[in-house]
Amino acid sequence: MTAVARPRALRLAHRGDHRVHPENSLAGLLAAMEVPGCDGLEFDVQASLDGIPVVLHDASLERVQGVAALVTELTAAQLAVHGVPTLAAVLERVPRRAFLDVELKADLGRSVVEVLAAGRGADLQRAVVSSFEVAALERIRGLAPAWPCWLNTDRLKSGDVRIARELGCVGISVEWHALDPAGLARAWTADLEVAAWTVRDPRVARRLEASGVVALCVEGRAFPG
């Protein structure tokens, strides 16, 4: 399969607009969608102590929230006090026009499927589930086989393409430095769309867009507007 010409790759704000608000905060995610040219969001989902999907990247709250605690040590209500939103709250507030790259940091089981279905419909409208964790994608594919999934990887070797195909993913999301013509050709031959992360230079964004990637996870100077 050859690359499909696209006038513009999706610009997905990496963990929201953390130029003005903490990353993965509800305020930061909403602020990103107010920026002209921002098509959607990339954010990270983990489970709280009480098993509720919450939006946070790190295993600990120390770096962003300044709290010496693990996400798995606090309930969703306790996390909310420190500005960590639930996935349900994010889906309720983020506009439906936003394309969402929902990155699962682990296998969260049925709970995340139920929340996503409640927020974006049984067919997961304008969203994709992504993960580095094969077990997380296997669970999603088992519970919601029609949902689009991306395998996240920091390379684009034949083994990664094979795993993505075996999982039934529609695409593969790659650290942009690892993208080259040979890797892109492998992905397209396997009928996989390719996304790139995390792009901080607008020149790199333009080059990747011209190469045929479908989405760019952006921040910094590459952020729209």
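Q: Which residue is the bridge partner of alanine 13 in strand 9?

A: In strand 9, alanine 13 has valine 218 as its bridge partner. Strands here are DSSP runs of E with at least two residues, helices are runs of H or I with at least four residues, and both are numbered from the N terminus. This is a predicted model in which local features need pLDDT of at least 70 and side-chain atom pairs count only at pLDDT 80 or more, while totals for chains, interfaces and linings use all residues. Residues are numbered from 1 along each chain as its sequence is written, and side-chain values use heavy atoms, with hydrogens and water left out.

Q: How many bridges pair strand 1 with strand 9, and in which sense do they pair?

A: Two strands pair if DSSP finds at least two bridges between them. Strand 1 (residues 10-14) and strand 9 pair over four bridges, in the parallel sense. Leucine 12 also has a bridge partner in strand 9, namely cysteine 217.

Q: Which strand is joined to strand 9 by three bridges?

A: Strand 8 (residues 193-199) is joined to strand 9 by three bridges, and the two run parallel. Valine 199 has valine 218 as its bridge partner in strand 9. Valine 218 is thus a partner of alanine 13 and of valine 199.

Q: What unit do strand 8, helix 9 and strand 9 make?

A: A crossover is right-handed if, with the strands pointing away from the viewer, the path from the first strand over the helix to the second runs clockwise. Strand 8, helix 9 (residues 202-211) and strand 9 make a right-handed β-α-β unit. Arginine 203 is placed in helix 9.

Q: Which strand does strand 1 join by three bridges?

A: Strand 1 is joined by three bridges to strand 2 (residues 40-47), and these two run parallel. In strand 2, alanine 13 has leucine 41 as its bridge partner. Between these strands the chain passes through helix 1 (residues 26-32), in a β-α-β crossover that is right-handed.

Q: Are the residues of strand 9 buried or exposed?

A: A residue is buried under 20% relative accessible area, exposed over 50% and partly exposed in between (1.4 Å probe, protein chains only). In strand 9 (residues 215-218), Ala215 and Cys217 point one way, Leu216 and Val218 point the other way, and all are buried. Strand 1 is mostly covered, with four of its five residues buried. By contrast, arginine 203 counts as exposed because its relative accessibility is 54%.

Q: How many disulfides does a search of the whole structure find?

A: A disulfide is a pair of cysteine sulfur atoms within 2.5 Å. The search finds zero disulfides in the whole structure. Cysteine 149 has its nearest cysteine sulfur, that of cysteine 169, at 5.5 Å, and is in no disulfide. Cysteine 149 counts as buried because its relative accessibility is 0%.

Q: Why does cysteine 217 form no bond with the closest cysteine sulfur?

A: The closest cysteine sulfur, in cysteine 38, is 10 Å from the sulfur of cysteine 217, and this is too far for a bond. Cysteine 217 counts as buried, at 7% relative accessibility.

Q: How many aromatic pairs does a search of the whole structure find?

A: Rings of Phe, Tyr and Trp (its six-membered ring) pair if their centres lie within 6.5 Å; planes under 30 degrees apart count as stacked, over 60 as edge-to-face and the rest as tilted. The search finds two aromatic pairs. In one of them, phenylalanine 132 and tryptophan 197 have ring centres 5.7 Å apart and planes at 85°, so the pair is edge-to-face. Phenylalanine 132 lies in the loop between strand 5 (127-131) and helix 6 (134-143) and tryptophan 197 lies in strand 8, so the pair ties together parts that are 65 residues apart in sequence. Phenylalanine 132 is partly exposed, with a relative accessible area of 36%.

Q: With which side chain does the side chain of glutamate 103 make a polar contact?

A: A polar contact is a pair of N or O atoms within 3.5 Å; within protein, one must be able to donate a hydrogen and the other to accept it, and residues adjacent in sequence count only if both atoms are side-chain atoms. The side chain of glutamate 103 makes a polar contact with the side chain of lysine 105, at 3.1 Å. Glutamate 103 lies in strand 4 (residues 99-104) and is buried, with a relative accessible area of 6%.
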